Amino acid sequence: MAAGLLVVLSGPSGVGKGTVCRQLLALRPSLQLSVSLTTRQPRPEETCGRHYEFTTPSRFQKLISGDAFLEWAVVYGHYYGTLKQAVGENLARGTDLLLEIDVQGALQIRRRLKEAVLIFLAPPSMEALKERISGRGTEDAVRIRRRLKAAQQELAAYHLYDYLVVNGRVEDAAASIDAIIEAEKCRISRGARPPASGGEER
Ligand code: 5GP
């Protein structure tokens, strides 16, 4: 059985990663979204174990000391990380996994798992990104500035990824990512093979 594909999706805050991920999962139900651990507080609509596994800084630090993370990072003052065990088990079972993580985490994955596919989601323009960040209505002016600055730094890292997808229309972005995954799964170097011959001679 071929191992599952590890797909990493990153992009600046406000680019619409969450919406694109949801659309992609609807297009490709066999793809599983990896649930990260975080020390940030849950938002009202979030449930533990589905969006994130919410945990304490002390438990997170213990897991770091125990080398339990495939990758982890501090984002906006909170810890976020992906556990090695869950990823390893899923890939070994042949399940394709989607990690929606920041640039720091994606680069750790690049170093550790060369076969991972790294996709960068970019906004159609900086104006569109500004509008999306300020339009959320959940951020004050200082936070908006902080997120925009972080977004610019994240955008500068796009060349470290394998693919760049522009999120103009959510449906198009999700379809592009779906096509990338399909093509990656057809790679002979990843183990794609014709059916075994039935043993008949020509
Ligand atoms: P939010 O708190 O808005 O859900 O996520 C904030 C940022 O953390 C996003 O850029 C998201 O991609 C990133 N993030 C979420 N989970 C992980 C993770 O497990 N590892 C890393 N490195 N970043 C993550």
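A polar contact is a pair of N or O atoms within 3.5 Å. With that in hand, let's look at how the ligand sits in this predicted model. The side chain of Arg40 has an N or O atom 2.6 Å from an oxygen atom of the ligand, so this pair falls within the 3.5 Å cut-off. Below, the ligand comes first, and then the salt bridges.

**Polar contacts with the ligand**
- Tyr80 brings a polar side-chain atom to 2.5 Å from an oxygen atom of the ligand.
- Thr82 also takes part, with a polar side-chain atom 3.3 Å from an oxygen atom of the ligand.
- On its own, the ligand would expose 510 Å², and the protein buries 91% of that area.

**The surroundings of the ligand**
- The ligand takes up the space of the largest pocket.
- Two elements each give two or more residues to the shell around the ligand: strand S5 (69-75) and strand S6 (78-83).
- In total, 15 residues surround the ligand, and the closest are Ser36, Arg40, Tyr52, Tyr80 and Glu100.
- Sorted by type, the shell holds five nonpolar, four polar and six charged residues.

**Salt bridges**
- Side chains of opposite charge can pair when their charged atoms come close.
- The count of salt bridges comes to 14.
- One salt bridge joins the side chains of Glu182 and Arg28, with 2.5 Å from N to O.
- This pair links distant parts of the chain, as Glu182 and Arg28 are 154 residues apart.
- Glu182 belongs to helix H7 (residues 170-185), while Arg28 lies in the loop between helix H1 (17-27) and strand S2 (32-33).

Technical notes:
Residues numbered from 1 in each chain as written. Predicted model: local features only at pLDDT ≥ 70, side-chain atom pairs only at ≥ 80, totals over all residues. Heavy atoms only, no water. Near = heavy atom within 4 Å. Polar contact = N/O pair within 3.5 Å; in protein donor to acceptor, adjacent residues only side chain to side chain. Areas by Shrake-Rupley, 256 points an atom, 1.4 Å probe, with all protein chains shown as cover. 1 Å grid on protein atoms, 1.4 Å probe; cavity = no way out; pocket = protein on both sides within 12 Å on 5 of 7 lines; lining within 4 Å. Sits in = over half its atoms within 2 Å of the grid points. Helix = DSSP H or I, 4+ residues; strand = E, 2+ residues; numbered from the N terminus. Nonpolar A, V, L, I, M, F, W, Y, C, P; charged D, E, K, R; others polar. Salt bridge = Lys/Arg side-chain N within 4 Å of Asp/Glu carboxyl O.
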